[in-house]
Structures are given as structure tokens and as C-alpha cells.
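Biologist: I would like to learn how to read a model like this one. Could we start with the empty spaces and work outwards from there?

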Amino acid sequence: MQIEGKVVVITGAGSGIGRALAQQFADAGASVVAGDIDADAAAATAAGIGEHAVGVGADAASVAGIAILLDAARDAFGPVDIYVANAGVIGASGLGSDDDWDRVLEVNLRGHIRAADALLPDWIARGGGYFVSVASAAGLLTQVGAAGYAVSKHAAVGFAEWLSITHGDNGIGVTCVCPMGVATPLLDAITESADATARVAAASITTAGDVLSADDVAAATLDGILEERFLVLPHASVLDMYRGKGADYDRWISGMRRYQRALGG
């Protein structure tokens with residue numbers, strides 16, 4: 001897989017992992033559409049890159065917002081070659097309300113499905129395209145304190161698997177990125193939350209392993225795309241945790257309960 005000369009759309013590119021991805025894709029020779037629900041943040045990301053990037057304010061969870069991003073890419077650079085579904089929300093702590101579930105599923109899952117639905121006809125006709133799902137280690141393991149985040153990230157991983165299996169023979173590549181702790185505004189928000197359950201959720205992330213920079217995760221993602229690997233684990237320890245979970249599910253659940261208690265949950 002080559003990145004140079006490709007047209008890339010990145011959602012949630014106004015900060016954190018998305019902004020780091022936008023810069024590194026541009027450094028690798030791609031033309032970038034930096035999308036974010038915060039139009040000013042998207043514009044700032046693009047301005048930091050220069051002429052090979054445009055910033056677009058759009059809700060990447062919605063059909064209309066995705067259409068805005070794809071149209072902006074075509075108008076500025078040409079058809080989209082790589083779509084990075086990076087926008088994500090932590091959602092409510094605990095079980096949350098129906099409205100909380102709607103929002104976390106809209107952003108963390110349905111935005112991926114809707115983007116793929118919009119892109120697949122053109123990619124199949126062209127014989128290629130590349131979809132990047134920025135999920136989470138929570139999609140392989142779980143997330144203490146936040147049911148919506150844990151479930152939606154499991155679903156995002158499941159959708160990425162399905163997409164790769166179903167359309168790999170159509171020339172469509174898929175990479176699913178599952179980091180653990182990353183220094184982003186999202187992690188800052190729950191670490192500093194007034195909600196005790198949210199703070200336990202944050203502690204479960206920050207104490208499970210190193211907190212990486214967004215640049216570290218972006219670099220691992222680009223390496224995975226270049227190598228056309230499905231699963232990218234910026235935290236190598238997640239693989240051992242995932243294997244341990246599969247080897248003895250009951251033991252893993254018991255261990256997670258102990259971990260939650262140790263954190264005060």
C-alpha cells in the first residue's frame with residue numbers, strides 16, 4: 001500500500017489522534033481532508049499542514065456530514081482513496097440513558113457503517129480503497145465504568161472484521177487500530193471529570209500501561225497501512241491481554257473485577 005499521492009479523509013481531525021494522523025499522512029505525501037464537528041479545529045489542523053490539506057466542519061456520524069467530507073475531498077483533490085474513521089466519544093459513565101446510547105453508537109459505530117456504505121460503490125468500481133477504523137483496546141478487552149464505550153468499540157472492531165472479510169477480494173483494505181491509553185482531550189476529560197465513575201474509567205486506562213502520544217499512535221497506524229495489516233496495536237501488551245482473555249474467559253472476568261475494585265469502582 002502506498003500513501004504518497006493518495007487522497008485521505010480523516011474524521012475527528014481537529015485534535016488528538018486525528019490531528020496527528022492528518023499531519024503524518026500529509027508528511028507521507030497524501031492530500032488530506034481534515035474533518036471535525038468543530039469547524040475551527042478542522043481549519044486549524046489544515047492550516048498547520050498547508051496547501052495539501054483542507055479543513056471541513058462536518059458531523060462524521062451522519063449521512064449528510066459524510067457526504068460533505070467526501071464532496072470536499074473530490075472538489076479539492078479527487079476521489080477518496082483512504083478513509084480514516086477516527087471520530088469517537090467516550091459516552092456516559094455506567095449504563096447511561098437511551099439518548100446516551102444513541103449518541104455513542106452514532107459516532108463510534110454508525111459513522112463507520114455509513115462511511116463504508118457511501119464509499120464502497122466507487123471503491124469496488126475502481127478496484128480498490130482503504131478503510132481505517134480507529135477503535136480501541138476496549139473493543140478487544142472492555143472499558144471499566146463505561147458500558148456504551150465498551151460495547152460500541154467492540155462493535156466497531158466487529159464491523160471492521162466484516163468489512164475486510166466481505167470486501168477484501170474487491171481490493172479493499174482494512175486496518176483496525178486498537179490503542180489503550182493515549183494523551184488526548186478525550187482522556188483528559190474523563191480524568192478531570194466530576195463524575196467518580198468516569199474517573200475510575202480514566203484510572204483503568206492510565207494504570208493499565210503507558211499513555212502514548214497521539215503521534216505514536218499515528219505512526220503505528222501508518223505503518224500498519226503500509227504493511228496492509230488488519231490489526232494495529234500501539235500498545236504491544238494488549239496482545240497478551242487479549243490472548244489471556246481468550247484462553248480463560250472466566251479467569252479474565254474475575255481479574256477485571258479485582259482490577260475494578262482496586263481502582264475504587
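Modeller: Happily! The largest cavity has a volume of about 60 Å³. Here a cavity is a set of points, on a 1 Å grid over the protein atoms alone, where a 1.4 Å probe fits but cannot get out. Grid points are joined across faces, edges and corners, and the volume is the space filled by probe spheres set on the points. Bear in mind that this is a predicted model, where local features need pLDDT of at least 70 and side-chain atom pairs count only at pLDDT 80 or more, while totals for chains, interfaces and linings use all residues. Residues are numbered from 1 along each chain as its sequence is written, and side-chain values use heavy atoms, with hydrogens and water left out.

Biologist: Which residues line the largest cavity?

Modeller: A lining residue has an atom within 4 Å of a point. In this case they are Thr11, Ala60, Ala61, Tyr83, Ala85, Ala87, Val107, Gly111 and His112. The elements giving two or more residues to this lining are E4 and H4, and H4 gives the most, with three residues. Such labels are DSSP runs numbered from the N terminus: helices (H or I) of at least four residues and strands (E) of at least two.

Biologist: How does the lining of the largest cavity divide by class?

Modeller: The classes work like this: Ala, Val, Leu, Ile, Met, Phe, Trp, Tyr, Cys and Pro count as nonpolar, Asp, Glu, Lys and Arg as charged, and the others, Gly among them, as polar. The largest cavity has six nonpolar, three polar and no charged residues in its lining. For the second largest cavity, of about 40 Å³, the lining divides into four nonpolar, no polar and two charged. Arg74 and Asp122 are among its lining residues, and H4 supplies the largest share, three residues.

Biologist: Now the sheet, please. In what order do the strands run?

Modeller: Strands of a sheet pair through backbone hydrogen bonds, either parallel or antiparallel. Two strands are taken to pair if DSSP finds at least two bridges between them. In this model, seven strands form an open sheet with parallel pairing, in the order E3-E2-E1-E4-E5-E6-E7. Strands E3 (53-57) and E7 (231-232) are the edges, each pairing on one side only.

Biologist: How many bridges join E4 to E5?

Modeller: Four bridges join these parallel strands, and Val84 stands opposite Val132 in E5. On E4's pairing with E1, there are three bridges, again in the parallel sense, with Tyr83 as the partner of Val9.

Biologist: Are the side chains on the faces of E4 buried or exposed?

Modeller: In a regular strand the side chains alternate between the two faces of the sheet. Buried means under 20% relative accessible area, exposed over 50%, and partly exposed in between (1.4 Å probe, protein chains only). For E4, Ile82 and Val84 on one side and Tyr83 and Ala85 on the other are all buried.

Biologist: And what is in contact with Val9?

Modeller: Contact means heavy atoms within 4.5 Å. Leaving aside neighbours within four places in sequence, Val9 touches Val33, Leu69, Leu70, Ala73, Val80, Ile82, Tyr83 and Val84. Val9, which lies in strand E1 (residues 7-10), counts as buried because its relative accessible area is 0%.

Biologist: Which strands does helix H1 lie across?

Modeller: Helix H1 (residues 16-27) lies across E1, E2, E4 and E5, at about 170 degrees to E1. Axes are lines fitted to C-alpha atoms, for helices over the stretch in contact, and angles run from 0 to 180 degrees between N-to-C directions. Helix H4 (residues 98-126) packs on the sheet too, touching E4, E5 and E6.

Terms used. 1 Å grid on protein atoms, 1.4 Å probe; cavity = no way out; pocket = protein on both sides within 12 Å on 5 of 7 lines; lining within 4 Å.
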